[in-house]
Amino acid sequence: MKKKILLMGRSGCGKTSMRALVFSSTLYPNAASTKRLGTTLGVETSHFRILRNLVISLFDMGGQQAYIDSYLDDRKSQVFKDVGAFVYVFDMGNSAEQGEDDDAWEADGRYWRDCVRLLNQHSPTAQIFCLLHKMDLVQESSRRDIYAQRVRELRSKARDLLGPESDIDARLRCCGTSIWDETLYRAWSKIIHSLIPNIAVLESNLDQFAGVSGATEAVVFERKTFLVVARSGEAKERGAVAGTGDSKETASQPQPPQPSSSVAAASKVSSPRRSKGAPPALGQDDTALIMEGYPPSDAERKSILSSGQLHPERFEKISELVKNLRGSCSKLQASFQSLEVRGETFAAYLDVLTADTYILVIVADPSVELSAVKLNVHMARERFEKLS
Ligand SMILES: Nc1nc2c(ncn2[C@@H]2O[C@H](COP(=O)(O)OP(=O)(O)OP(=O)(O)O)[C@@H](O)[C@H]2O)c(=O)[nH]1
Ligand SMILES: [Mg+2]
């Protein structure tokens, strides 16, 4: 299945930089390397196989004014048709001082509104992502307020445009991002996740896998980009937020293989603690909806951790570490297959799951043997290969 991502925003907002870092990390291994990128001339299209049954066509739309005019006018039906996810990048460097550069923000807002209107005509079910980008340039002291104010404006613009009865609250998601930290990968994981056709089935199988393995968490990463494709517990969180519980779709799906008896014996571990990450549904408290994609500042992160919650960007940090390790391995002409880490309070096992994915299993119960987890990964491969 092919899905189209339309990546738009004004010139210099950082579209090609994020594309390069997320999808071409061997050519652009770090944020500084994006400085050598030139402005995009016209539209650059690239295709990525994410899973066996999902190919992403990413349209990086050069943001100079003449191009923008043509996307909105004579090329609109071609540009906005068949869109799976519309990603609009706002340059928050312009908001470094609150209200300082309102003209740029206003112009962005008008352009974005025009895009959403056209999208609604040509691809009415497309997911809409607003990336409030270059958050590193916004002063930490005012970051939360500026983010909240901008998201509030965007959400009310969208409601005004499409009407309060539309599903826009659920389809529109905002994320604060920067190429200098993990927020970029977190946002792009969400974007890709929104396009995976059988995600509910994948998640329910992953939940069962984590349960029978006695794992605290199990996470599936895409093999090339190391974006998070699915993680255990996510569907439940979404169900709990929407008040629907497990969906019917997952209930009738094939079950993952049963573990060996020694592995099953280890499955008494309590269910994992979760970080708050699922998108709030319509009608929930507005503040939760607005702050959903807010990247916490360093001070806020510290207080999250000291309150006993898990690190909100733990998977993205792991992706980064593994990508670096893989890079080092390839310099030594060694191929990277799997990884085992044993800490004082946990053990982690990362291994190839399918042709396009890795699985990371975190175990916090010292009575669970990693060798049993390995065996379960081995036994689960065939099932997950069919699912992806
Ligand atoms: N500080 C900071 N700079 C960034 C960030 N993202 C991108 N940049 C820089 O912004 C500059 C412009 O980025 P591009 O990716 O070329 O911008 P673009 O949106 O593709 O621009 P056009 O191709 O002209 O439409 C580059 O020098 C990047 O290094 C970010 O998160 N923070
Ligand atoms: Mg560009």
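## Strand β10 and its partners

In strand β11, Thr 357 is the bridge partner of Thr 354. This pairing belongs to a predicted model. Strand β10 covers residues 347-354, and strand β11 covers residues 357-363. The two run antiparallel and are joined by seven bridges. A hairpin links β10 to β11 through two residues.

Strand β10 also pairs with strand β9, residues 339-342. Here four bridges join the strands, again in the antiparallel sense. Ala 347 of β10 is the bridge partner of Arg 342. This pair forms a hairpin too, with four residues between the strands. Strand β10 is mostly covered, with six of its eight residues buried.

## Leu 353

Which strand holds Leu 353? It is β10. Leu 353 counts as buried because it has 25 C-beta neighbours inside 10 Å, and the cut-off for burial is 20 or more.

Setting aside neighbours within four places in sequence, Leu 353 contacts Val 220, Tyr 358, Ile 359, Val 377, Arg 381 and Phe 384. Tyr 358 and Ile 359 fall within the span of strand β11, residues 357-363. Glu 222 is 131 residues away from Leu 353 along the chain. Their C-alpha atoms are nevertheless separated by 9.8 Å.

## The nonpolar core

In soluble globular proteins, nonpolar side chains tend to be buried together. In this model, the largest nonpolar core has 96 residues. Phe 86, Val 87, Leu 360 and Val 361 have the most contacts inside it. The core draws at least three residues from each of two domains. Domain 1 spans 2-193, and domain 2 is made of 199-275 + 310-387.

What does Phe 86 contact, leaving aside its neighbours within four places in sequence? The partners are Leu 6, Cys 115, Leu 119, Ala 126, Ile 128 and Phe 129.

## Around ligand 1

Ligand 1 is surrounded by 23 residues. The closest are Gly 14, Thr 16, Ser 17, Thr 40 and Gly 63. Helix α1, residues 15-23, gives the largest share of this shell, with three residues.

How does the shell around ligand 1 divide into nonpolar, polar and charged residues? Five are nonpolar, 14 are polar and four are charged.

## Strands β2 and β3

Strand β2 takes in residues 43-51, and strand β3 takes in residues 54-61. They pair in the antiparallel sense over eight bridges. A hairpin of two residues connects them. Leu 54 in β3 is the bridge partner of Leu 51.

## Helix α13

Is helix α13 covered or hardly covered? Hardly covered: among its nine residues, 298-306, the count of buried residues is zero. Strand β10, by contrast, is mostly covered. Just after α13 comes Gly 308, which takes a positive phi of about 90 degrees.

## The chain as a whole

The protein chain has 15 helices and 11 strands. It has 388 residues, of which 41% count as buried. Consider the contacts between residues at least 6 apart in sequence. Of these, 73% join residues at least 24 apart.

Conventions:
Residues numbered from 1 in each chain as written. Chains lettered and ligands numbered in written order. Predicted model: local features only at pLDDT ≥ 70, side-chain atom pairs only at ≥ 80, totals over all residues. Core = buried A, V, L, I, M, F, W, Y, C linked by C-beta atoms within 7 Å. Buried ≥ 20, exposed ≤ 12 C-beta atoms within 10 Å, placed from the backbone. Domains from an automatic or database assignment. Contact = placed C-beta atoms within 7 Å. Near = placed C-beta within 6 Å. Nonpolar A, V, L, I, M, F, W, Y, C, P; charged D, E, K, R; others polar. Pairing = 2+ DSSP bridges.
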